[in-house]
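I set out to record what I looked up in this structure, entry by entry. The notes follow the order in which I worked.

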Amino acid sequence: MKFVDEASLYAKAGDGGRGHVSFRREKYVPKGGPDGGDGGKGGDVIIVGKRSLASLLDFRYKRHYKAENGRLGGGRNKTGRNGTDLYIYVPLGTIVRDERSQDILVDIIEEEQRWVVAHGGAGGQGNARFVSSVHRAPREFTEGIRGEERYLRLELKLLAEIGIVGLPNSGKSTLLSRLTNAKPEVGSYPFTTLSPGLGVFGDDEERVVIADIPGIIKGASEGKGLGLTFLKHVERTNVLLWVVDASSSSVSDDYLTLRNELALHSEKMLRKQRILVLNKIDLLAASDLARKEKALKALEEEVVSVSALNGLGIDELKAVVSKRKGGQRVA
Ligand SMILES: Nc1nc2c(ncn2[C@@H]2O[C@H](COP(=O)(O)OP(=O)(O)OP(=O)(O)O)[C@@H](O)[C@H]2O)c(=O)[nH]1
Ligand SMILES: [Mg+2]
């Protein structure tokens, strides 16, 4: 399955309408003053974010988007009608690039967010504009300006709804690969993950994107380790999976370190729904596991024990995640 949807398209804004040449007609006045109106403005091509869209598939079938041209100016100083704007609806999470320069024009992340990708041309001037004391019967007019055209590249970057956080080496990436189809790099050393990774959880009908980010250490809020800058990638998620390594000498200390660093970044992090995942339980003796689970349950409501390595407890975790994923988004 492909996660990053891409599409190319051509957008052309409407041309401005031509200015009009005419002269007032009045009884007994053979030739009145000039009264040719301006042309109308061409329509813009506007990209608009729409939550209900899920892919860029539609752009495989329709690639040309052209807004209406402005109309000609009329007599009696009538300005031509403006061309109608053309809206192109895209899913949230779409990055819009100029295909030639590859520059990012806009990142569409909100419902109804708008961005004009091609501006309509201004209307031309009618001959009424050219009149002066020495030039009483001008026949000049101007053409409308051509509407902008642009070749665009759209990329749908999926917005994560669930984030995985934890200390380095706790098994976050291994967990991501268990829950989703992603194949992140896993290493037996801290800071294997240097940039966020995404995977898709669930079936085609109900896809939920999970983000795995680099590990957080004590002092991360002061810039230690890789710092907390990557937390922005999970800032908009509904749910956080907090991963704690069960083989650590103190799971409670690890939990508190994580909690503290997240809180120092933003209290919002603590208001999100969370599931505490006690990972690497394959490394523990049963009595040891029971003791550690108890310690964590004193601190957290929902604790799920798993082994991301051998799959133990993963089905239960998936069920818990499924139940939570529709939860309220924290603003
Ligand atoms: N025994 C065991 N080892 C695991 C388990 N999950 C992960 N590991 C191992 O722990 C190490 C770290 O795993 P990663 O998934 O890279 O951990 P991470 O939290 O993503 O690490 P960073 O990206 O460095 O923060 C690897 O050697 C994994 O094979 C588990 O459930 N049991
Ligand atoms: Mg990792």
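**Entry 1: helix α1**

I began with what covers the buried residues of α1, and found that the cover includes β9, β10, β11, β12, β13 and α5 (314-324). I noted that the model is a predicted one. I then listed the buried residues of α1: K172, S173, T174, L175, L176, R178 and L179. The helix is mostly covered, with 7 of its 8 residues buried.

**Entry 2: ligand 1**

I next asked which element gives the most to the shell around ligand 1. It is helix α1 (residues 172-179), which supplies 3 residues. I counted 24 residues around ligand 1, and the closest are G171, S173, T193, G215 and L309. S173 thus appears in two of my lists, as a buried residue of α1 and among the closest residues to ligand 1. By residue class, the shell divides into 8 nonpolar, 13 polar and 3 charged residues.

**Entry 3: the six-stranded sheet**

I turned to the sheet and read its strand order as β10-β11-β9-β12-β13-β14; the sheet is open, has 6 strands and shows mixed pairing. Because β10 (197-201) and β14 (303-305) each have a single partner strand, they stand at the edges, and one side of each is left without a neighbour in the sheet. From one strand to the next, the twist averages 25 degrees.

I examined one pair inside this sheet. Strand β9 (residues 162-166) and strand β11 (residues 208-212) are parallel and share 3 bridges. I found I164 opposite D212 in β11.

I then looked for helices lying on the sheet. Helix α2 (residues 251-265) lies across β9, β12 (239-245) and β13 (273-279), and its direction is at about 145 degrees to β12. Helix α4 (residues 286-297) also packs on the sheet, where it touches β12, β13 and β14 and makes about 160 degrees with the direction of β14.

**Entry 4: strands β5, β6 and β8**

I moved to strand β5 (residues 94-98), which runs antiparallel to strand β6 (residues 104-108) and is joined to it by 4 bridges. The hairpin of β5 and β6 has 5 residues between the strands, and I noted there that Q102 takes a positive phi near 70 degrees. β5 also pairs with strand β8 (residues 149-156), in the antiparallel sense over 5 bridges.

Which residues stand opposite R97 in these two pairings? In β6 I found I104 opposite R97, and in β8 its bridge partner is R153.

**Entry 5: residue T142**

I located T142 in the loop between β7 (114-118) and β8. I asked whether T142 is buried or partly exposed. A residue needs 20 or more C-beta neighbours within 10 Å to be buried, and is exposed at 12 or fewer. T142 has 18 inside 10 Å, so T142 counts as partly exposed. Leaving aside residues up to four places away in sequence, I found T142 touching G19, G124 and Q125.

I also checked T142 against Y255, which lies 113 residues away along the chain. Their C-alpha atoms are separated by 71 Å.

**Entry 6: domains**

I closed with the division of the chain into domain 1 (5-156) and domain 2 (162-324). The C-alpha centres of domain 1 and domain 2 lie 50 Å apart.

Technical notes: Residues are numbered from 1 along each chain as its sequence is written. Chains are lettered from A and ligands numbered from 1 in the order in which they are written. This is a predicted model: local features need pLDDT of at least 70, side-chain atom pairs count only at pLDDT 80 or more; totals for chains, interfaces and linings use all residues. Two strands pair if DSSP finds at least two bridges between them. Axes are lines fitted to C-alpha atoms, for helices over the stretch in contact, and angles run from 0 to 180 degrees between N-to-C directions. Two residues are in contact if their C-beta atoms, placed from the backbone, lie within 7 Å. A residue is near a molecule or strand if its C-beta atom, placed from the backbone, lies within 6 Å of it. Ala, Val, Leu, Ile, Met, Phe, Trp, Tyr, Cys and Pro count as nonpolar, Asp, Glu, Lys and Arg as charged, and the others, Gly among them, as polar. Domain bounds come from an automatic or database domain assignment.
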